[in-house]
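Student: I would like a close look at a single part of this model, the second largest cavity. Which residues line the second largest cavity, and how do they divide by class?

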Amino acid sequence: MKILLEKLIVNYPYTIAVFLFAIGALIVITKSNLFKKLIGINIMESAIFLMFISSGNIRGAVEPVLNSAHSDLAYINPLPSALMLTGIVVSVSVTAFALALIIRLYKSYGTVDALKIAEMRNEVTKE
Amino acid sequence: MISAITTNLPIFVIIIPLFIAFILPTFSRRMKLVEGVVISTETLWLLGAGYLASVVLLQNGTPIIYNMGGWAAPWGIELKVDSLGAFFMIVVTCINLPVALFAKGNLTKEVGAKERVTRFYVLLLLLGGAMVGMALTNDLFNVFVLVEVATLSCCGLVSANSNPRASEAAFKYLILATLGSTFVLGGIGFILNITGYLNMGFAHQEMVQVWQNSPHAIWLAMSFVLIGFGVKSALFPVHVWLPDAHSNAPTPASAILSGLAVKGYIICFLKFMYTVFGQNLMQQFNMHKILVLAGMIAIIAGSLFALTQNELKRRLAYSTVAQIGYLFLGLGLMNTKGLTGTLFYLFSHALIKSSLFLAAGTMIAATGKKKISDLAGVGRKMPITMGVFTIGILGLIGIPLFSGFVGKWYLLLGSLESGNILAAIVIIVGSVLCAAYLLPIIRIAYFEPAPEKDLRDPALPQKIALIMLAAGVIILGILPGSILELASRAAAELLMIQ
């Protein structure tokens, strides 16, 4: 138990990432407000970004710029950060598209609550 | 000049559709030109894919390796045209061409406004390019980016008309699909942390050596990839987005979504499982049993849901959920026959489901009604449309001489070979249920009194598109020949990786 706790504290970026991922997933599943769902997705993605970036980090290492004067330096792995730059771009475009859809839904239903929208749609179908 | 084209063809088949997609809006006012450019691109694309596939077939399975920008793996991004990639490339291009042809001159009514037509074609080409990229790339992060391109264009296609129901379905799809790709990205993160590589081949070699150090992390990576691609390809308990999205999209879009889009994620999943983790690790973590079980549940549950639907397009959409079950079942059988069956069934289902959706959309547009009971007598008034629909139904049930039979036969042989009698029974029960929910449509359409309304078969391009797809179903059923050869070789190659 003590070892487990110690691991969780030493690797705190991963612990935070797990919590963020769980919180995001919970929001997406339980909240019916469309904006909150979108925010939940964003929190989940941030958790994954955090996991990637902290996996490239080495404590005490320097930024990955070659320094010929000190050839024995340890460098941070730049690959995960570079990948997450792409990941952030993808996440921003998903958010933009989702916001556009929310605007369209608000214009036609007058609400941003998924349950109310489903109710109104079912009434229309019955008629 | 010719050799420059052929050596760079692996990247051209991905880049050119994407490139054409982005220059289409520059002349979006000239509708005829847009349609002509799209159809000729699709034709050239089919030729290019056919050329690459024949080269791979003639080389006896030696893959074509293409290093992007001249940087060799593991530093650069590698494109690998192996039998699997060539096979899926053929599937994508064979479905895309008839769908683009069907859309010709027919879209304005479907998407609501004239200026939306070009956007539809842009999304269609983006989706196709991303699908081919998913089949060819050998880099894990590249898979993620292409999956996202495909997802966003799918959502765009669903919301192509301004119908509020379509927007709602698109939003639901977008949220769940993004949930899925977040899981996939997490899985890729675990693989990168365990092995230190993003190239699939290198990651696999490293994985085989070090997996004992971190079995929990590998278990997590596998489950993240399964959940991610499971949501995206509508595996049963997480299929909830599919019926709404596929039944509310414009007709050509629902054909391409149901026929093709979900298959791309299955191919990605196949590549992750068999080329990154390898079959030994899959057996170690019982992944094959999970896949067979999930597939069986999906077949039965999807078919039962389909039986209860009254709307034509929704019934077809639930039938897709059931057919996805067959594909996952075949992935878990872990033998050559089962995998060959999966790949062949994938092609056959792509042809059948797109022809069914196109024919269904034509009938719905003609009668103006969505219910199955409103189709009375349509078969006699629209002989070609309903004929294609009937061929599709017979193929989906798996009657001999139609393409569905060959795929189901191999799946059956594979499940018997792996000693899984229950899976074999479920495959047959699935066929019976499929007959139960689709054959009544034929009865209603042919043997009930026709309405007074003047119904006619669609215009020439739509007829050609429908007949092309139906001909594909019959040709694959009678002469599976080189397609079956390509599929079985892809299966053998995947199983050679330990």
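Tutor: For the classes used here, Asp, Glu, Lys and Arg count as charged, Ala, Val, Leu, Ile, Met, Phe, Trp, Tyr, Cys and Pro as nonpolar, and the others, Gly among them, as polar. The model is predicted. In it, the lining of the second largest cavity divides into 5 charged residues, 1 polar and 1 nonpolar. The residues concerned are A:R121 from chain A, together with B:R165, B:E168, B:A169, B:D244, B:N248 and B:R314 from chain B. The space enclosed is about 40 Å³. Two helices of chain B, α8 and α11 (241-248), each supply at least two residues of this lining, and α8(B) gives the most, with 3 residues.

Two of the lining residues, A:R121 and B:E168, also meet through their side chains in a salt bridge, at 2.9 Å from N to O. The count of salt bridges between chain A and chain B is 1. Across that interface there are also 5 residue pairs in polar contact, with both residues at pLDDT 80 or more. On the side of chain A that touches chain B, α2 (12-30), α3 (34-56), α4 (79-109) and α5 (114-126) each supply at least two residues. The most comes from α4(A), with 17 residues. By class, this side of chain A has 25 nonpolar, 6 polar and 4 charged residues.

The interface as a whole brings 35 residues of chain A into contact with 32 residues of chain B. The buried area is about 2,800 Å², and carbon and sulfur atoms give 79% of it. A:R121 appears here again: with A:F97 and A:R104 it supplies 19% of the area that chain A buries against chain B, more than any other three residues.

The structure holds 2 cavities of 30 Å³ or more, and the largest has a volume of about 50 Å³. Its lining also draws on both chains, including A:E45, A:F49, B:F144 and B:E148. Helices α3 and α4 of chain A and α7 (140-158) and α8 of chain B each supply at least two residues of that lining. The lining of the largest cavity divides into 4 nonpolar, 4 polar and 2 charged residues.

To return to the part in question, the second largest cavity is lined by A:R121 and six named residues of chain B, among them B:E168, and A:R121 and B:E168 are joined by the salt bridge described above.

Conventions. Residues are numbered from 1 along each chain as its sequence is written. Chains are lettered from A and ligands numbered from 1 in the order in which they are written. This is a predicted model: local features need pLDDT of at least 70, side-chain atom pairs count only at pLDDT 80 or more; totals for chains, interfaces and linings use all residues. Side-chain values use heavy atoms; hydrogens and water are left out. Contact means heavy atoms within 4.5 Å. Buried area is the accessible area (1.4 Å probe) that two parts lose on being put together, summed over both. A salt bridge is a side-chain nitrogen of Lys or Arg within 4 Å of a carboxyl oxygen of Asp or Glu. A polar contact is a pair of N or O atoms within 3.5 Å; within protein, one must be able to donate a hydrogen and the other to accept it, and residues adjacent in sequence count only if both atoms are side-chain atoms. Helices (H or I, at least four residues) and strands (E, at least two) are DSSP runs, numbered from the N terminus. On a 1 Å grid over the protein atoms alone, a cavity is a set of points where a 1.4 Å probe fits but cannot get out, and a pocket is an open set with protein on both sides within 12 Å along at least five of seven lines; lining residues have an atom within 4 Å of a point. Grid points are joined across faces, edges and corners, and a volume is the space filled by probe spheres set on the points.
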